[in-house]
Amino acid sequence: MDLKDKRILVIGGAGLIGSHTIDQLLKEPVKEIRIFDNFSRGRAENLAGAISDPRVNIFPHGGELLHPEIVNAAMDGIDGVYCFAALWLLHCWDYPRSALEVNVTGLFNILEAITTNRTN
């Protein structure tokens, strides 16, 4: 994908992998990087350098994957998506129903929002 003037959504962008992905995306001529994160595991400190770039913003209405209307709103006008959001592995082991809800239903909400908001 040519990233020139693209608007990118990074789901789980405040986590370790998501924040490093944002750092790499900032080396490209992207128009916008929108971060979608509930900050349950991700940290604002991971975004300290990136957030000073005017192309980077944190989606202001939350970052909960289980709220399809919020996921859909975050996806509005987006050209590409990176998804790094998931429950921690040991949490999944201890709470498999939560893992199913977040990791599967959350992904379904993302895919549905992509379909709803696609432009071509």
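This briefing walks through a sheet, its salt bridges and a few individual residues.

The structure is a predicted model. At its heart for our tour is an open sheet of four strands, in the order E3-E2-E1-E4, with parallel pairing. We will then turn to the four salt bridges that the structure holds. After that come a nonpolar patch on the surface and two residues that have a positive phi without being glycine.

**The sheet as a whole**

- Strands of a sheet pair through backbone hydrogen bonds, and the pairing can be parallel or antiparallel.
- Here the four strands pair in parallel, and reading across the open sheet gives E3, E2, E1 and E4.
- Strand E3 (56-58) and E4 sit at the edges, where each pairs on one side only.
- On average, neighbouring strands of this sheet are turned by 20 degrees against each other, with direction ignored.

**Strand E1 and its two partners**

- Is strand E1 mostly covered or mostly open? Strand E1, spanning residues 7-11, is mostly covered, as four of its five residues are buried.
- On one side, E1 runs parallel to strand E2 (residues 32-36), and five bridges join the two.
- To find this pairing in the 3D view, look for Val10, which stands opposite Ile35 in E2.
- How does the chain get from E1 to E2? The route goes through helix H1 (residues 16-25), and this β-α-β crossover is right-handed.
- E1 also runs parallel to strand E4 (residues 80-83), joined by four bridges.
- Two facing pairs help you spot the E1 and E4 pairing: Leu9 stands opposite Val81 in E4, and Ile11 stands opposite Cys83 in E4.

**Salt bridges**

- Side chains of opposite charge can pair when their charged atoms come close.
- The structure holds four salt bridges, and one of them is between Glu32 and Arg7, whose closest N and O atoms are 2.6 Å apart.
- Glu32 lies in strand E2 and Arg7 lies in strand E1, so this pair ties together parts that are 25 residues apart in sequence.
- Glu32 also meets Arg34 in a salt bridge, at 3.2 Å from N to O.
- Put these together and you have a network of salt bridges linking Arg7, Glu32 and Arg34.
- Which members of this network are buried, and which is partly exposed? Glu32 has a relative accessible area of 10%, and Arg34 has 7%, so both fall under the 20% cut-off and count as buried. Arg7, at 24% relative accessibility, counts as partly exposed.
- Another salt bridge joins the side chains of Arg55 and Asp53, at 3.0 Å from N to O.

**A nonpolar patch on the surface**

- Which residues form the nonpolar patch on the surface? They are Leu16, Ile17, Tyr82 and Phe84, with about 390 Å² of accessible area together.
- Ile17 belongs to helix H1, the helix that the chain passes through on its way from E1 to E2.
- Why does Ile17 count as exposed? Its relative accessibility is 54%, and exposed means over 50%, so Ile17 passes the cut-off.

**Apart in sequence: Val104 and Leu65**

- Val104 is found in helix H4 (residues 96-117).
- Val104 counts as partly exposed, at 48% relative accessibility.
- Val104 and Leu65 are 39 residues apart in sequence, and their C-alpha atoms are 9.9 Å apart in space.

**Two residues with a positive phi**

- Most residues other than glycine have a negative phi.
- Asp5 has a positive phi, near 60 degrees, and is a residue other than glycine.
- Where is Asp5 along the chain? Asp5 lies in the segment before E1, and at 46% relative accessibility Asp5 counts as partly exposed.
- Phe39 is not a glycine either, and its phi is positive at about 60 degrees.
- You can find Phe39 in the loop between E2 and E3, where Phe39 is partly exposed with a relative accessible area of 29%.

Terms used:
Residues numbered from 1 in each chain as written. Predicted model: local features only at pLDDT ≥ 70, side-chain atom pairs only at ≥ 80, totals over all residues. Heavy atoms only, no water. Buried < 20%, exposed > 50% of the residue type's maximum accessible area, 1.4 Å probe, protein only. Pairing = 2+ DSSP bridges. Right-handed = clockwise from strand over helix to strand, strands pointing away. Patch = residues over 30% accessible without salt bridge, like charges linked within 9 Å, V, L, I, M, F, W, Y side chains within 5 Å. Areas by Shrake-Rupley, 256 points an atom, 1.4 Å probe, with all protein chains shown as cover. Axes fitted to C-alpha atoms, helices over the stretch in contact; angles between N-to-C directions.
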